[in-house]
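Ready for some practice in reading a protein model? Take a look at the sequence and the structure, then work through the exercises at your own pace.

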Amino acid sequence: MPIPDFIVELRRAVGRAPLWLAGITAVTIRGRKTLLVKRSDNGAWTAVTGIVEPGENPADCAAREVREETGVEARATRLAWVHVTQPAVHANGDRAQYLDHVFRMRWLSGEPFAADDECTEAAWFDLDDLPPMTENMRRRIALSASDDARTLFDAEG
């Protein structure tokens with residue numbers, strides 16, 4: 001997975017120490033389907049995820065990540081969930097924990113494809129027939145696909 005330049009700079013100073021980062025999960029909905037990517041680092045099917053750049057609005061980050069990873073144009077329409085992820089250790093040994101902003105995204109245009117090296121596939125899946133994935137990712141998708149306009153604020157789990 002490409003590491004944002006600002007994190008490369010931070011890592012020069014802190015090494016592999018844990019970083020607290022702002023992240024997004026972009027759940028793009030088109031009708032009764034959701035856009036998923038197959039991650040190149042672990043082969044898992046997930047909604048698009050990413051790291052918010054310094055000074056970037058999280059909703060803008062969500063749209064940027066969807067475009068960069070899948071070639072699809074989408075717009076954030078609702079913040080569905082704000083939560084803290086479990087601490088993560090990435091394949092390169094870097095440690096991080098994320099304040100994740102889960103957005104419902106509205107599809108605007110484009111058909112998905114693996115647009116960068118962060119994923120090997122990108123495709124639409126029926127909301128009632130998702131591929132195997134973590135319960136946490138299923139929760140992100142379910143909360144985003146819900147017609148409930150509230151934003152959920154809680155810890156992961």
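Below are four exercises, each with a worked solution.

The model is a predicted one: local features need pLDDT of at least 70, side-chain atom pairs count only at pLDDT 80 or more, and totals for chains, interfaces and linings use all residues. Residues are numbered from 1 along each chain as its sequence is written, and side-chain values use heavy atoms, with hydrogens and water left out.

**Exercise 1. Describe the largest pocket and its lining.**

Step 1: Start with the volume, which is about 1200 Å³ for the largest pocket. (A pocket is an open set of points on a 1 Å grid over the protein atoms alone, where a 1.4 Å probe fits, with protein on both sides within 12 Å along at least five of seven lines; lining residues have an atom within 4 Å of a point. The volume is the space filled by probe spheres set on the points, and grid points are joined across faces, edges and corners.)

Step 2: Look towards the centre. Among the 48 lining residues, Arg 39, Asp 41, Thr 49, His 90 and Tyr 98 are the closest to it.

Step 3: Sort the lining by class: 22 residues are nonpolar, 12 are polar and 14 are charged. (Ala, Val, Leu, Ile, Met, Phe, Trp, Tyr, Cys and Pro count as nonpolar, Asp, Glu, Lys and Arg as charged, and the others, Gly among them, as polar.)

Step 4: Find the main contributor. Strand S1, residues 19-30, gives the most to this lining, with 5 residues. (Strands are DSSP runs of E with at least two residues, helices are runs of H or I with at least four, and both are numbered from the N terminus.)

**Exercise 2. Check the span of helix H2 and look at its two ends.**

Step 1: H2 covers residues 58-70, which is 13 residues. The expected span is 1.5 Å times one less than the number of residues, so H2 should span 18 Å.

Step 2: Compare with the model. The end C-alpha atoms of H2 are 18 Å apart, which agrees.

Step 3: At the start of H2, a side-chain oxygen of Asn 57 comes to within 2.7 Å of the backbone nitrogen of Ala 59.

Step 4: After H2 comes Gly 71, with a positive phi near 75 degrees.

**Exercise 3. Which residues of H2 are buried, and what covers them?**

Step 1: The buried residues are Cys 61, Ala 62, Ala 63, Arg 64, Glu 65, Val 66, Glu 69 and Thr 70. (Buried means under 20% relative accessible area, exposed over 50%, and partly exposed in between, with a 1.4 Å probe and protein chains only.)

Step 2: The cover includes strands S1, S2, S4, S5, S7 and S8.

**Exercise 4. Are Thr 25 and Arg 30 buried or partly exposed?**

Step 1: Thr 25 lies in strand S1. Its relative accessible area is 0%, so Thr 25 is buried.

Step 2: List some partners of Thr 25. Beyond its neighbours within four places in sequence, its contacts include Val 48, His 101 and Met 137. (Contact means heavy atoms within 4.5 Å.)

Step 3: Arg 30 is also placed in strand S1. With a relative accessible area of 24%, Arg 30 is partly exposed.

Step 4: Not counting residues up to four places away in sequence, Arg 30 touches Trp 107, Gly 110, Glu 111 and Trp 124. Arg 30 and Asp 126 are 96 residues apart along the chain, and their C-alpha atoms are separated by 9.6 Å.

Terms used
A polar contact is a pair of N or O atoms within 3.5 Å; within protein, one must be able to donate a hydrogen and the other to accept it, and residues adjacent in sequence count only if both atoms are side-chain atoms.
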